[in-house]
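Please look at the sequence and the structure shown here before reading on. The briefing is meant for someone meeting this structure for the first time.

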Amino acid sequence: MVGLTWGDEGKGKVIDLLCSRFDEVVRYNGGANAGHTVWVGEQRFALHLVPTGILRPRATAVIGPGVALDPLVLLDEISELRSRGVRVADNLKISDRAHVVTVYHKLEDALGESQAGGGGRIGTTSRGIGPCYADKMRRYAAVRVCDLLDERRLAQLVGSIVPLKRRQFTALYGTDGGLNAEGVLEELAIAAAELRPHVCDTGAYVRGRIASGAKVLFEGANGVMLDIDHGTYPYVTSSSTGPHGVPGGAGVPAATVRDVVGVTKAYTTRVGEGPLVSELPGEDGDRIRERGREYGTTTGRPRRCGWLDAVALRYAAELVGATELAMMHLDTLSGFEKVGICIAYEIDGHPVDTVLADASLLERAAPVIEYCPGWSEEIRGIRDYQELPAAAQAYVARIESLSGCPVTLIGTGPGRSECICRGRREGLATADQGGEAHA
Ligand code: GDP
Ligand code: IMO
Ligand code: MG
């Protein structure tokens, strides 16, 4: 399950629905930059690092080696979940190979962003994601979860990395950030003690579970248009967000990945910098933002809103081999006289029907909009496709034809059961009607 756009497509809700039928839910990319929202009755859960499967008693939640793991955020999240009655015990597994996000990564993220000149800001979530993955690739100044568990090794590593970071920060940003090795070490040591019982070789664990017939759901974070290789670079995140990230980020053979559920909203949003060709800067965008409550789950930032970008959607669906689409927030579009779809870009007078490598060209692109008739009825909570107004059904059909994928899940509200399940997902929400209580 992957987001097909720039994140926040409603993945949390979709995973929660899907994972009622899975035994393992595995995060393979990203870190605490993610914010996946699930409503269970009146309770709202916002998950950043813990896989969404934790909310379903049947599933085990696995944090794979490809995740950038901030142990402090994870500890907070675990204690919040427990305080709300969710069991977090042997149903959470953490890879011994995952890279650790530390205070100096978050500092570097913030310093880099604040001092980036010439329009170079990315608008990151300030969660230290880029610096952590950069250290992982550079190899000489990285800490992994297995290092956390070895007290002497951790002390040695932190003792050598922190002075290096101080020198780097001073040279690049004119401040050493007040970093000291003892402080960093203390924080990490406390986290290590708490997390130790959950740590294992999760790749071996998941492969073993697959061999014994378990059903595994891979939970993508961020979105395909934020993918490090295929997104709107450099306005992307630092991991492989699509299913191509699964083998490496979870430690399973590539052929393991079979069905790919691509998630989109019925419109498009993005937070942070970078091109959003279909952006609606005026009243229509404000209306979507307010009706859809489009404010970041992780940072609270207002999201930029636009008509559905079918160019990016088709590009992403093709790239990941989406076998079906989940389209959330159809309810948010009620009340528009007409609903737009961006079916092409126009750049310097030329039509373009794909996502170009050069983000600066996309920044200059004008959207080519096709309008569909809108619908005035509120459709919140509708669960039967036939009950949708004809115009809403026609809109769904148009997205299917533009994306080349059947839409099997249609969001009609944030709640667990506010969803239409069709085709191969028929009966999914119905089976869980009333909400399966989290343990
Ligand atoms: P994620 O990062 O992809 O999991 O998405 P977020 O949780 O960051 O943002 C999606 C937001 O939309 C959350 O507030 C969800 O509760 C909400 N949401 C999901 N599906 C629907 C839907 O079909 N309709 C409405 N109105 N809200 C939805
Ligand atoms: P979920 O999983 C929305 C965006 C940031 C920024 C860029 C780089 O909730 O969909 P980073 O902190 O990763 O270095 O930021 O990527 N971004 C997201 N936007 N939802 C997310 O996650 C995101 N994760 C990263 O806003 O533009
Ligand atoms: Mg989110």
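What follows describes a metal site, two sheets, a helix pair and some single residues.

This is a predicted model, in which local features need pLDDT of at least 70 and side-chain atom pairs count only at pLDDT 80 or more, while totals for chains, interfaces and linings use all residues. Residues are numbered from 1 along each chain as its sequence is written, chains are lettered from A and ligands numbered from 1 in the order in which they are written, and side-chain values use heavy atoms, with hydrogens and water left out. Helices (H or I, at least four residues) and strands (E, at least two) are DSSP runs, numbered from the N terminus.

**The magnesium site**

- The magnesium ion (ligand 3) has Asp8 (OD) and Gly35 (O) as its protein donors, at 2.0 to 2.2 Å; donors are N, O and S atoms within 2.8 Å of the metal (3.2 Å for Na, K and Ca), and sites may look incomplete because water is not among the atoms.
- These donors link distant parts of the chain, 27 residues apart, with aspartate 8 in the loop between β1 (2–3) and α1 (11–18) and glycine 35 in the loop between β2 (24–27) and β3 (36–40).
- Aspartate 8 is partly exposed, at a relative accessible area of 23%, whereas glycine 35 counts as buried at 10%; buried means under 20% relative accessible area, exposed over 50%, and partly exposed in between (1.4 Å probe, protein chains only).

**The parallel sheet**

- An open sheet of five strands has the order β9-β7-β5-β2-β10 with parallel pairing, where two strands pair if DSSP finds at least two bridges between them.
- At the edges stand β9 (199–200) and β10 (216–219), each with a single partner strand, so one side of each is left without a neighbour in the sheet.
- Four bridges hold the parallel pairing of β2 with strand β5 (residues 60–63), and valine 26 has valine 62 in β5 as its bridge partner.
- On the way towards β9, three bridges pair β5 with β7 in the parallel sense, with leucine 92 in β7 as the bridge partner of alanine 61; two bridges then join β7 to β9, also parallel, and isoleucine 94 is partnered by valine 199 in β9.
- Both faces of β7 are covered, since Leu92 and Ile94 on one side and Lys93 and Ser95 on the other are all buried.
- Helix α8 (residues 202–211) lies across β2, β5, β7 (92–95), β9 and β10 and runs at about 140° to β5; axes are lines fitted to C-alpha atoms, for helices over the stretch in contact, and angles run from 0 to 180 degrees between N-to-C directions.

**The mixed sheet**

- Another open sheet of five strands follows the order β1-β11-β15-β19-β20, and its pairing is mixed.
- Here β1 and β20 (419–421) are at the edges with a single partner strand each, so one side of each is left without a neighbour in the sheet.
- Strand β19 (residues 407–411) runs antiparallel to β20, joined by three bridges, and glycine 411 has cysteine 419 in β20 as its bridge partner.
- Across β15 (324–328) and β19 lies helix α13 (residues 390–403), at about 140° to β15.

**A pair of crossing helices**

- Helix α3 (residues 103–115) and helix α4 (residues 129–138) have axes that come within 7 Å and cross at roughly 120°.
- Tyr104, His105, Glu108 and Asp109 in α3 meet Ile129, Pro131, Cys132 and Asp135 in α4, where contact means heavy atoms within 4.5 Å.

**Single residues and their surroundings**

- Histidine 99 is in strand β8 (residues 99–100) and is buried, with a relative accessible area of 12%; leaving aside neighbours within four places in sequence, its contacts include Pro65, Leu69, Cys132 and Arg144.
- Threonine 332 lies in the loop between β15 and β16 (338–347) and is buried at a relative accessible area of 2%.
- Not counting residues up to four places away in sequence, threonine 332 touches Tyr267, Ile288, Arg291 and Gly292, and its C-alpha is 8.2 Å from that of alanine 266, although the two are 66 residues apart in sequence.
- Tyrosine 315, in helix α11 (residues 310–320), is in contact with Met225, His230, Thr354 and Val355, leaving aside its neighbours within four places in sequence.
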